[in-house]
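Got the viewer open? Let's walk through this one a selection at a time.

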Amino acid sequence: MRYAVLVTGPAGAGKSTFCASLITHAQTLGRSVHLVNLDPAAERFEYEPALDIRDLINLKDVMEELEFGPNGGLIYCFEYLLNNLYWLEDELGPYEDDYLIIDCPGQIELYTHIPLLPRLASHLSTSLNFRVSATYLIDSQFMQDKSKFFAGVMSAMSCMLSLGISMVCIMSKMDLVKDKKGRLKKEVGRYLDPDPGLMWEEIKDDSDGGSTGNRKFDALNRAVVGLIEDQNLVSFLPLDVTSEDSVNTILSHIDNMMQYGEDEEPRIPKDMDDGDFDAD
Ligand SMILES: Nc1nc2c(ncn2[C@@H]2O[C@H](COP(=O)(O)OP(=O)(O)OP(=O)(O)O)[C@@H](O)[C@H]2O)c(=O)[nH]1
Ligand SMILES: [Mg+2]
């Protein structure tokens, strides 16, 4: 069985740093994982990618030759990749029984405007037989008030719905939001496993106290909270790349999501194993 984790999130959220720390950690566990770079604008990596979109197409060349800007160039690179999927298949050929960590670009255009990454995820799972999952990283420094929290959750949800695969949400750079005693700052901790309903009440109270014009957003805010609750996408795993435990917890969640290793050892259902199941 082959596994692939798409590491997504806005520009600068810490995706490449997280990929490197996952690889370091997997190596200490004696596991074989490979880095795949899908960012044609990437500069350098802590680990050499086993597969790199820059070997197929280079953003700088596209921008120069076709006179595209950076975002148009990026879309062109992805369309080129999707039109040349044989390259991906050839490159992935030797990686049987493997675990790929795929560093993705952050531009939302690739997810929602033109669903290029969703098409790639679907190709990996249906044609190339991978079990595919995703992580979505949000920088903890941007999660310090309610409106940014809602904006962040909406962007994560948009990514999850467009990819159509299981996803864990991660709040990155937690080492930067600790106080001098190493404790997590209260306002950030609150957003890790929040109650959107309670936040809605607070937003409502804020707008009642402030300009009455904001009241017209009550129904919209309530609908957004309802959506977030329905999708069950309200908790974030904290990522502190300086802590092995933190990286380990996240890797276990990802493994669990893809049922990593479960095919190798068939499991006996718990209730048949604990003795209170009588065959007679
Ligand atoms: N303190 C701290 N800094 C971090 C952490 N993760 C990333 N950074 C810093 O944040 C910046 C962006 O990190 P990257 O890993 O390049 O982020 P990215 O999401 O790959 O960025 P793009 O590829 O440009 O979208 C770099 O300067 C990193 O050193 C972290 O966990 N803690
Ligand atoms: Mg990066």
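Start by selecting residues 149-171, where an unreviewed UniProt entry places a "transmembrane region". Keep in mind that you're looking at a predicted model. Put a distance label on the two end C-alpha atoms of residues 149-171 and you should get 11 Å. Colour that span by secondary structure: 65% is helix and 22% is strand.

Next, jump to Asn58, which caps the N-terminal end of helix α2 (residues 59-66). Show its side chain and look for the oxygen that lies 2.8 Å from the backbone nitrogen of Lys60. Then slide along to Glu67, just after α2, and check its backbone: phi is positive there, at about 55 degrees.

Now select Tyr76, which sits in helix α3 (residues 70-83). Is Tyr76 buried or exposed? Neither label quite fits: its relative accessible area is 31%, so Tyr76 counts as partly exposed. Leaving out residues up to four places away in sequence, Tyr76 touches Ile57, Val62, Leu66 and Phe68. Pick Val62 from that set: its C-alpha is 7.8 Å from that of Tyr76, with their positions 14 residues apart in sequence.

Last stop, the largest pocket, which holds about 380 Å³ of space. Helices α1 (15-28) and α3 are the elements that give two or more residues to its lining. Which residues lie nearest the centre of the largest pocket? Select Gly12, Lys15, Ser16, Asp39 and Ala42, out of a lining of 22 residues. Colour the whole lining by type and you'll find 10 nonpolar, 7 polar and 5 charged residues.

Conventions
Residues numbered from 1 in each chain as written. Chains lettered and ligands numbered in written order. Predicted model: local features only at pLDDT ≥ 70, side-chain atom pairs only at ≥ 80, totals over all residues. Heavy atoms only, no water. UniProt positions renumbered as here; feature names shortened; annotations may be inferred. Helix = DSSP H or I, 4+ residues; strand = E, 2+ residues; numbered from the N terminus. Buried < 20%, exposed > 50% of the residue type's maximum accessible area, 1.4 Å probe, protein only. Contact = heavy atoms within 4.5 Å. Polar contact = N/O pair within 3.5 Å; in protein donor to acceptor, adjacent residues only side chain to side chain. 1 Å grid on protein atoms, 1.4 Å probe; cavity = no way out; pocket = protein on both sides within 12 Å on 5 of 7 lines; lining within 4 Å. Points joined across faces, edges and corners; volume = space filled by probe spheres on them. Nonpolar A, V, L, I, M, F, W, Y, C, P; charged D, E, K, R; others polar.
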